[in-house]
Every structure is written in C-alpha cells, then in structure tokens.
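Me: I'd like to learn how to read a structure I've never met before. Can you walk me through this one?
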Amino acid sequence: MDCKEFQRMIPGFLADELDNYSLESFLTHMEKCKNCKEELTIQFLIETGIQRLEDGSTFNLTDELQTTTNDAWQRLRVRKRLLNTAFFLQIVVVAEIIAAIVLAIGLR
Ligand SMILES: [Zn+2]
C-alpha cells in the first residue's frame, strides 16, 4: 500500500469499515510510515477529539489512538481466526460426507 491509498482509507478505518485485507495492510503501513501515522493522528483528533470536547470529557489523544489501533489488530486477529475456523469446519463437513459415502458403499 502506498501513502495515497493509506490516506484514502483513513475515514474507513475510523468508521471501522475496512475488510480484513485492507485493515491489515492499513495497520502494517501505519507502523512503517511515520507521515501516515501523523496524518491518521490528525484525522483521529478531528474525528474523536471534537466529539470528546463536545462531551466535555477529557482524553489523552495518544492513548486513545493506541487503544483504537490495538483494538483494530485484535479485531483482525479474531476475524482471521473465525475465517480459519469456518474453513476448518468446511473440511470437517466434507470429510464426514466422504466418510458417509464410503460407509454407504461398504454396506452395500
Ligand atoms: Zn505512508
């Protein structure tokens, strides 16, 4: 992913609308690219900060962004695990069908 692409995806990231693949490349790019992390921090401030100011609650921007990023990684891991589980279950089902067919043939 290049920086242009990253910046185009920031609103999607903040709204948690990225798919697994995009989210992973987004987070990976952010960890490598200082400029993009800065850009994300600014957009995050605009998105979250203004809302917090309206709420009248105090916040620590760096902590909040870190939490948001950690949450995103966490979500990505969970989603991937779910995908793996779904894939594994499909294999189990196929294996059971094959076993049933073999059994049925054997019984004839
Ligand atoms: Zn970049």
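Me: Let's begin with helix H4: how many residues does helix H4 have, and what distance does helix H4 reach from its first C-alpha to its last?

Reply: Bear in mind that this is a predicted model. To judge a helix, set its end-to-end reach against the span expected at 1.5 Å a residue. H4 covers residues 61-107, which is 47 residues, and reaches 68 Å, close to the expected 69 Å.

Me: Is H4 buried or in the open?

Reply: Burial is read by counting neighbours: 20 or more other C-beta atoms within 10 Å makes a residue buried, and 12 or fewer makes it exposed. In H4 the number of buried residues is zero, so the helix lies largely in the open. Take Val93, which sits in H4: it has 10 other C-beta atoms within 10 Å, so it is exposed. From Val93 to Gly12 there are 81 residues in sequence and 36 Å in space, C-alpha to C-alpha.

Me: What else is in the chain besides H4, and in what order do the elements run?

Reply: Start with a tally of elements. Here there are four helices and zero strands, so the order from the N terminus reads α-α-α-α.

Me: What does the radius of gyration say about the overall shape?

Reply: Put the value beside the one for a compact globule with that number of residues. For 108 residues that would be near 13 Å, but this chain has 22 Å. The box filled by the C-alpha atoms is roughly 75 × 35 × 15 Å along the principal axes. Of the 108 residues, 7% count as buried.

Me: Which residues make up the largest nonpolar core?

Reply: For a core, look for buried nonpolar residues joined to one another. This one has eight: Phe6, Met9, Phe13, Leu23, Phe26, Met30, Cys36 and Leu40. Helices H1 (3-14), H2 (20-32) and H3 (34-55) each give two or more residues to the core. Leu40, one of the eight, is in contact with Ile10 and Met30, leaving aside neighbours within four places in sequence.

Me: Ile10 came up there. Where does Ile10 lie, and what does Ile10 touch?

Reply: Ile10 belongs to helix H1. Beyond residues up to four places away in sequence, Ile10 touches Glu39, Leu40 and Gln43. With 18 other C-beta atoms within 10 Å, Ile10 is partly exposed. The C-alpha atoms of Ile10 and Phe26 are 8.5 Å apart, though their positions lie 16 residues apart along the chain.

Me: How do H1 and H2 pack: at what angle, and how far apart are their axes?

Reply: For a helix pair, read the angle, the axis distance and the handedness. H1 and H2 pack at about 115°, with axes 11 Å apart, and the crossing is left-handed. Phe6, Met9 and Phe13 of H1 make the contact with Ser22, Phe26 and His29 of H2.

Me: Which sign does phi have at Asp16, and why look at it?

Reply: Most residues other than glycine have a negative phi. Asp16 is not a glycine, yet its phi is positive, about 55°. Asp16 lies in the loop between H1 and H2 and counts as exposed, with 11 C-beta neighbours inside 10 Å.

Me: One last thing: what share of the contacts with a separation of 6 or more joins residues 24 or more positions apart?

Reply: Sort such contacts by how far apart the partners are in sequence. In this chain, residues 24 or more positions apart account for 59% of them.

Definitions and conventions: Residues are numbered from 1 along each chain as its sequence is written. This is a predicted model: local features need pLDDT of at least 70, side-chain atom pairs count only at pLDDT 80 or more; totals for chains, interfaces and linings use all residues. The radius of gyration is taken over C-alpha atoms; the globule rule is 2.2 Å times the number of residues to the power 0.38. Two residues are in contact if their C-beta atoms, placed from the backbone, lie within 7 Å. A nonpolar core is a set of buried Ala, Val, Leu, Ile, Met, Phe, Trp, Tyr and Cys residues joined through C-beta atoms within 7 Å. The expected span of a helix is 1.5 Å times one less than its number of residues. Axes are lines fitted to C-alpha atoms, for helices over the stretch in contact, and angles run from 0 to 180 degrees between N-to-C directions. A crossing is left-handed if the near helix is turned anticlockwise from the far one by less than a right angle, and right-handed if clockwise.
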